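Here are my notes for a colleague who has not met this structure before. Please keep the model open while going through the points.

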Amino acid sequence: MAEKSFKYVIVGGGVAAGYAAREFAKQGVKPGELAIISKEAVAPYERPALSKAYLFPEGISLILSTEIVKADLASKTVISAAGETFKYQILIIATGSTVIRLSDFGVQGADAKNIFYLREIDEADELVKAIKAKKNGKAVIVGGGYIGLELSAALRINNFDVSMVFPEPWCTANMYVFIVPRLFTAGIAAFYEGYYANKGIKIIKGTVAVGFGTEMGKDGTVLEADIVVVGVGGKPLTTLFKDRLTRKRVGLRQMVITKPAYTKKSPNRFDAFFKTSVPDVYAVGDVATFPMKLYGETRRVEHVDHARKSAEQAVKAIFASEQGKSISEYDYLPYFYSRSFDLSWQFYGDNVGESVLFGDSRPESPTHKFGSYWIKDGKVVGAFLESGTPEENKAIAKVARVQPPVSSLDQLAAEGLTFASKI
Ligand SMILES: Cc1cc2nc3c(=O)[nH]c(=O)nc-3n(C[C@H](O)[C@H](O)[C@H](O)COP(=O)(O)OP(=O)(O)OC[C@H]3O[C@@H](n4cnc5c(N)ncnc54)[C@H](O)[C@@H]3O)c2cc1C
């Protein structure tokens with residue numbers, strides 16, 4: 001098999017790869033210097049919308065339907081399933097996440113027909129086809145994370161009889177269904193559950209799917225379904241690189257593939273530029289563990305805003321180092337969002353410590369404008385807002401960044417958005 005050689009190679013063709021490509025183009029990458037190798041058959045696209053808004057500039061080699069199955073970082077080569085060899089000078093790992101399947105938990109019949117997951121565009125197309133074919137049918141959504149919430153709404157809008165099933169005591173809006181802390185507090189979740197119930201969605205909590213075809217639900221509940229959509233989280237695709245990148249100092253702790261943990265005492269400069277512990281190898285997006293400067297600790301974030309920004313940061317860092325320049329460190333403020341029905345929320349910061357709810361969080365509220373603050377060590381560290389205006393969302397982002405002190409939680413709850421607008 002022929003060997004191809006590029007100055008820069010990105011393995012992965014998702015959001016981070018798309019934004020990296022755009023930044024490469026901005027920085028003036030020359031034709032033929034950059035290749036993106038993706039196992040998907042289409043150019044990088046905006047995954048949350050799963051739309052066909054491709055993110056791809058011209059002049060870049062796009063090598064599609066090509067899965068990298070081996071990486072030899074010592075000889076700077078990656079090899080595809082078909083045996084093609086790609087040589088690079090600089091590698092960017094942007095392999096993202098894969099969905100967790102119910103068969104991973106040993107759920108019986110989990111491979112049955114009409115059980116859908118949603119990660120790639122093909123899966124979205126399949127689901128749309130099934131929705132058309134099973135018009136006005138019954139749908140069961142497994143998982144109370146944000147994908148479960150968004151898909152329940154989408155199916156209900158398509159006139160499906162929808163039931164949501166999840167193991168927690170309330171819906172969480174997490175990416176991972178089984179992790180704590182949950183993004184939604186009980187107070188926030190009560191609004192969405194009530195709102196969804198008013199839209200005719202049945203919510204079955206505190207139970208897990210144990211089988212398909214015969215029974216469903218640990219408590220013996222059987223639900224009929226024409227379509228089952230599963231959204232129980234993702235896991236980062238790091239196995240290709242894990243051994244090589246984690247052996248040194250980092251260990252196998254939580255699939256860390258960037259440089260060793262960041263501490264306030266010894267911040268590692270290169271961490272903030274998405275360089276891994278292997279020279280000339282960068283990792284961005286869902287797979288990257290990086291120093292969250294604001295909290296003085298190392299984290300991994302599976303959200304699109306970080307996928308975009310980390311990719312841009314890494315490419316800027318690559319060009320800056322080639323020109324002997326430096327750029328500022330990555331200083332990320334966590335930002336998540338979701339939309340369903342006529343609802344739309346944003347969250348900034350950290351959901352730790354105590355929380356207070358403010359605004360009108362009754363499910364039947366005409367404005368459904370409400371929110372929550374998280375308070376740790378006397379400071380507001382996180383803020384959530386449903387149905388905020390752009391200015392209000394900006395204000396809560398500022399709160400999460402500035403972390404203003406608060407003396408009374410009751411007063412904070414009473415002030416609500418006014419508190420944010422003063423910061
Ligand atoms: C349905 C859905 C809705 C979402 N909604 C939101 C939202 O509302 N808000 C939000 O903040 N986040 C959302 N996310 C999460 C967000 O999309 C991800 O955090 C983001 O896509 C991560 O970007 P990435 O480039 O790291 O990974 P991905 O976008 O997953 O891209 C990884 C790419 O690598 C390719 N790949 C993997 N392994 C190989 C290999 N060995 N060889 C070649 N190619 C490989 C994959 O095929 C894929 O093209 C959503 C995700 C999904 C699936």
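1. Start at the hairpin of strand 15 and strand 16. Four residues lie between its two strands, and Gly296 takes a positive phi near 60° there. Strand 15 covers residues 289-292 and strand 16 covers residues 297-300; they pair in the antiparallel sense over four bridges. Met292 has Glu297 in strand 16 as its bridge partner. Two strands count as paired if DSSP finds at least two bridges between them. Helices (H or I, at least four residues) and strands (E, at least two) are DSSP runs, numbered from the N terminus.

2. A word on the basis. This is a predicted model, in which local features need pLDDT of at least 70 and side-chain atom pairs count only at pLDDT 80 or more, while totals for chains, interfaces and linings use all residues. Residues are numbered from 1 along each chain as its sequence is written, and side-chain values use heavy atoms, with hydrogens and water left out.

3. Now the whole protein. It has nine helices and 21 strands. Of its 423 residues, 52% count as buried. Buried means under 20% relative accessible area, exposed over 50%, and partly exposed in between (1.4 Å probe, protein chains only). The accessible surface comes to about 18,600 Å², and 51% of it belongs to carbon and sulfur atoms. These areas come from the Shrake-Rupley method with a 1.4 Å probe; for residues, only the protein chains shown count as cover. Among contacts between residues at least 6 apart in sequence, 63% join residues at least 24 apart. Contact means heavy atoms within 4.5 Å.

4. Next, the parallel sheet. Five strands form this open sheet in the order 8-12-9-10-11. Strand 8 (115-116) and strand 11 (202-205) are at the edges with a single partner strand each, so one side of each has no neighbour in the sheet. Strand 9 (residues 138-142) pairs with strand 12 (residues 227-230) over four parallel bridges. Within that pair, Ile141 has Val229 as its bridge partner.

5. Two helices pack on this sheet. Helix 2 (residues 121-133) touches strand 8 and strand 12, and its direction makes about 150° with that of strand 12. Helix 3 (residues 146-157) touches strand 9, strand 10 (161-166) and strand 12; its direction makes about 165° with that of strand 10. Axes are lines fitted to C-alpha atoms, for helices over the stretch in contact, and angles run from 0 to 180 degrees between N-to-C directions.

6. Look at strand 10 itself. Is it mostly covered or mostly uncovered? Five of its six residues are buried, so to speak of it as mostly covered is fair by the cut-off above. Strand 10 pairs with strand 9 in the parallel sense over five bridges. Val142 stands opposite Val165 in strand 10.

7. The antiparallel sheet comes next. Its five strands form an open sheet in the order 17-18-21-20-19. Strand 17 (335-340) and strand 19 (354-359) are the edge strands, each pairing on one side only. Neighbouring strands are turned by 15° against each other on average, direction ignored. Six bridges join strand 17 to strand 18 (residues 343-349). Tyr337 has Gln346 in strand 18 as its bridge partner. Helix 4 (residues 186-198) packs on the sheet and touches strands 17, 18, 19, 20 (370-376) and 21 (379-386); its direction makes about 160° with that of strand 20.

8. Check the helix pair too. Helix 1 (residues 15-27) and helix 6 (residues 304-322) pack at about 35°, with axes 8 Å apart. Residues that meet here include Tyr19 and Phe24 in helix 1, and Val315 and Phe319 in helix 6. The residues of this contact divide into 11 nonpolar, one polar and four charged. Ala, Val, Leu, Ile, Met, Phe, Trp, Tyr, Cys and Pro count as nonpolar, Asp, Glu, Lys and Arg as charged, and the others, Gly among them, as polar.

9. Finally, two single residues. Asp305 is found in helix 6. Asp305 counts as buried, at 8% relative accessibility. Leaving out residues up to four places away in sequence, Asp305 touches Tyr332, Leu333 and Tyr335. Pro236 is in strand 13 (residues 234-236). Pro236 counts as buried at 9% relative accessibility. Pro236 and Thr95 are 141 residues apart in sequence, yet 7.7 Å apart in space, C-alpha to C-alpha.
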